[in-house]
Amino acid sequence: NAELLDEKEKTDQVYYKRLMREMAIALGLGVPLMIYGLFIGEMTVNTSLERIAWLLVGIATLAVMLLSGRHFYVGAWKSIRNHSANMDTLIALGTGTAWAYSMVVVLLPQLVPEMARHVYFEATAMIIGLINLGLALEVRARGRTSEAIKRLIGLQAKTARVVRDGQEVDIPIEQVQK
């Protein structure tokens, strides 16, 4: 069983590193976009130059969706095929809708009222990044729990002291009769 726990720990460590890498990619785009939107400029599409700039951001966001968020979309698709919904469905629907609406604003701004020509690429990247961070923290916490359980198992008695014929004798636990 110790071998199974070691194998699970290795698998969890690989998964944790992948989630952290995916989080870094997503937040690497999402955080600067959020800072831009909050403190520097507006995230609207009104000029040709803004359309080109936001198109490039939209393509970068699509890359984040494919690199860092792929597992959400695959999970959502499997869930939908099974006629159910789960957290992946919610994440895929929310991030996909934010990206799709933003691309409509960029590619076909005339279809959207001028006051609604706002893009939400930062929301897509931030959601993917923060949920990947949460998943990574969950994996790490589970790993610590497994480690604590292994230490507790290590504290388990290896021998039992029994009285046989008036003498105290230490015998292996496996030989103790119930």
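## A nonpolar surface patch

In this predicted model, six residues make a nonpolar patch on the surface: Val31, Met34, Ile35, Leu38, Phe39 and Ile40. The patch covers about 610 Å².

One of its members, Ile35, belongs to helix α1, which spans residues 2-40. Ile35 has a relative accessibility of 40% and therefore counts as partly exposed, since that class lies between the limits of 20% and 50%.

## Asn132 in helix α5

Helix α5 runs over residues 121-154 and includes Asn132. The relative accessibility of Asn132 is 0%, so this residue counts as buried; the limit for that class is under 20%.

The side chain of Asn132 comes to 2.9 Å from the backbone oxygen of Ser68. Ser68 is also among the residues in contact with Asn132 when neighbours within four places in sequence are left aside. The others in that list are Leu19, Glu22, Met23, His71 and Phe72.

## Gln175 after strand β2

Strand β2 takes up residues 167-172, and Gln175 lies in the segment that follows. With 52% relative accessibility, Gln175 counts as exposed, because the class begins at values over 50%.

Gln175 and Leu90 are 85 residues apart along the chain. In space, the C-alpha atoms of Gln175 and Leu90 are separated by 54 Å.

## Accessibility of the three residues

The residues described here fall into separate classes: Asn132 is buried, Ile35 is partly exposed, and Gln175 is exposed.

Note on methods
Residues are numbered from 1 along each chain as its sequence is written. This is a predicted model: local features need pLDDT of at least 70, side-chain atom pairs count only at pLDDT 80 or more; totals for chains, interfaces and linings use all residues. Side-chain values use heavy atoms; hydrogens and water are left out. Helices (H or I, at least four residues) and strands (E, at least two) are DSSP runs, numbered from the N terminus. Buried means under 20% relative accessible area, exposed over 50%, partly exposed in between (1.4 Å probe, protein chains only). A polar contact is a pair of N or O atoms within 3.5 Å; within protein, one must be able to donate a hydrogen and the other to accept it, and residues adjacent in sequence count only if both atoms are side-chain atoms. Contact means heavy atoms within 4.5 Å. Patches are made of residues with over 30% relative accessible area and no salt bridge: like charges are joined within 9 Å, nonpolar side chains (Val, Leu, Ile, Met, Phe, Trp, Tyr) within 5 Å. Accessible areas come from the Shrake-Rupley method with a 1.4 Å probe; for residues, only the protein chains shown count as cover. A salt bridge is a side-chain nitrogen of Lys or Arg within 4 Å of a carboxyl oxygen of Asp or Glu.
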